[in-house]
Amino acid sequence: MKIINPYLPEIAIVEGVRNLTQNTKLFTLKFQDTDKQRKFSFIPGQFVEVSLFGFGEVPIGISSDPENKKNFQICVRESGSVTNAICRLNIGDKVGVRGPYGNGFPLKLLSNKDIVITTGGTGISPLRSLIYPLIKYRNKFKKIYFLYGAKTPSDLLFRDEFKIWEKYINICITVDQADPNWTGELGLVSDLCRLIEIDANKSIAIMVGPPVMYKAMYAELTNLGISPRNIYVSLERRMKCGFGKCQHCTLGTKYVCKDGPTFRLDEIIKIPGAI
Ligand SMILES: Cc1cc2nc3c(=O)[nH]c(=O)nc-3n(C[C@H](O)[C@H](O)[C@H](O)COP(=O)(O)OP(=O)(O)OC[C@H]3O[C@@H](n4cnc5c(N)ncnc54)[C@H](O)[C@@H]3O)c2cc1C
Ligand code: FES
């Protein structure tokens with residue numbers, strides 16, 4: 001019997017690099033092994049472990065269309081030794097990739113529901129992979145709101161794609177600090193909840209962003225009448241294995257890598273330090 005080493009990364013080649021902001025890049029990757037690339041499938045909200053020889057390995061959410069079998073995309077923000085090194089990669093360079101890991105967003109529960117998606121910072125990246133099926137199968141869902149907050153207009157990721165998204169989805173964007181050209185909303189992303197009109201009993205909320213955003217949004221979403229049972233959050237923890245073996249990412253009795261990173265809010269809200 002062939003023993004498969006679950007820690008073994010597959011080689012992926014950088015096919016494209018796009019600067020999104022001064023410190024964040026979108027990488028298009030393709031597995032060197034064409035069979036592996038063809039079979040690679042993921043659920044929006046899942047992540048991969050990306051490794052670079054001499055630097056280490058980091059968990060990164062998958063950002064691309066889950067139906068695209070030719071390649072896949074990750075969006076990386078320079079925030080330390082490994083992510084800085086990834087951001088120096090060029091077309092043709094190689095990285096190691098393990099995964100996909102994690103549970104992903106609750107896609108099946110979204111049918112026939114109003115959907116409120118909230119994000120900030122690089123949290124928009126894995127949500128982009130959810131936007132693809134929401135747009136493609138738009139008539140399966142009711143109202144869709146996408147609330148997005150960034151520090152300044154130049155920190156907004158995927159801004160060029162909003163023109164397509166807003167044909168299908170209510171996009172509400174806010175920044176903390178405007179620039180002279182900014183004519184949009186100013187303030188916290190949670191303030192955008194005043195723009196939402198939903199059937200709270202038939203709504204699902206999904207949030208990916210900094211924990212401080214979750215606390216503010218939790219108050220606003222429950223005010224709107226959405227039960228914590230219908231609010232999902234994606235959590236970030238320091239990870240090593242990515243698949244429930246090393247215990248680096250424990251949250252109470254759960255593993256963020258395996259049981260998450262997406263959790264139903266009512267299941268984690270009472271765990272100290274969860275959000
Ligand atoms: C499930 C998951 C999905 C992620 N998706 C993305 C993504 O799509 N794009 C992206 O740019 N980043 C993502 N991250 C965060 C990314 O993994 C960390 O920024 C990275 O591990 C930092 O490693 P480093 O060696 O570059 O920095 P280090 O030098 O190790 O650390 C730099 C700083 O980042 C903090 N840090 C390290 N790891 C984490 C972590 N897991 N969560 C929060 N803070 C951390 C450290 O405390 C330190 O302050 C994700 C993390 C998780 C757990
Ligand atoms: S990262 Fe090893 S158990 Fe979660």
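Me: In this predicted model, how many residues surround ligand 1, and which are the closest?

Reply: The shell around ligand 1 holds 22 residues, and the closest are Val58, Gly61, Gly80, Val82 and Thr83.

Me: Which helices and strands each supply at least two residues of that shell?

Reply: Strand S4 (56-61), strand S5 (72-77), helix H2 (81-86) and helix H3 (124-136) each do so. S4 gives the most, with five residues. By residue class, the shell divides into 10 nonpolar, eight polar and four charged.

Me: Where does ligand 1 lie with respect to domain 1 (10-101) and domain 2 (107-234)?

Reply: Ligand 1 lies between them, because both domains give residues to its shell.

Me: How should one read the backbone angles, phi and omega?

Reply: Most residues other than glycine have a negative phi, and most peptide bonds are trans. Two peptide bonds here may be read against that background. The bond from Gly99 to Pro100 is cis, with omega near 10°, and Pro100 lies in strand S6 (residues 94-101). The bond from Gly260 to Pro261 is also cis, with omega near 10°; Pro261 is placed in the loop between strand S14 (254-255) and strand S15 (262-264).

Me: What is the phi of Asn112, and is this residue buried or exposed?

Reply: Phi of Asn112 is near 60°, a positive value in a residue other than glycine. Asn112 is found in the loop between S6 and strand S7 (114-120). A residue is exposed if 12 or fewer other C-beta atoms lie within 10 Å of its own; Asn112 has 9 such neighbours and therefore counts as exposed.

Me: What are the corresponding values for Gln247?

Reply: Phi of Gln247 is near 70°, again positive in a residue other than glycine. Gln247 belongs to the loop between strand S12 (231-234) and strand S13 (250-251). Gln247 counts as exposed because it has 10 C-beta neighbours inside 10 Å.

Methods
Residues are numbered from 1 along each chain as its sequence is written. Chains are lettered from A and ligands numbered from 1 in the order in which they are written. This is a predicted model: local features need pLDDT of at least 70, side-chain atom pairs count only at pLDDT 80 or more; totals for chains, interfaces and linings use all residues. A residue is near a molecule or strand if its C-beta atom, placed from the backbone, lies within 6 Å of it. Helices (H or I, at least four residues) and strands (E, at least two) are DSSP runs, numbered from the N terminus. Ala, Val, Leu, Ile, Met, Phe, Trp, Tyr, Cys and Pro count as nonpolar, Asp, Glu, Lys and Arg as charged, and the others, Gly among them, as polar. Domain bounds come from an automatic or database domain assignment. A residue is buried if 20 or more other C-beta atoms lie within 10 Å of its own, exposed if 12 or fewer, and partly exposed in between; C-beta atoms are placed from the backbone.
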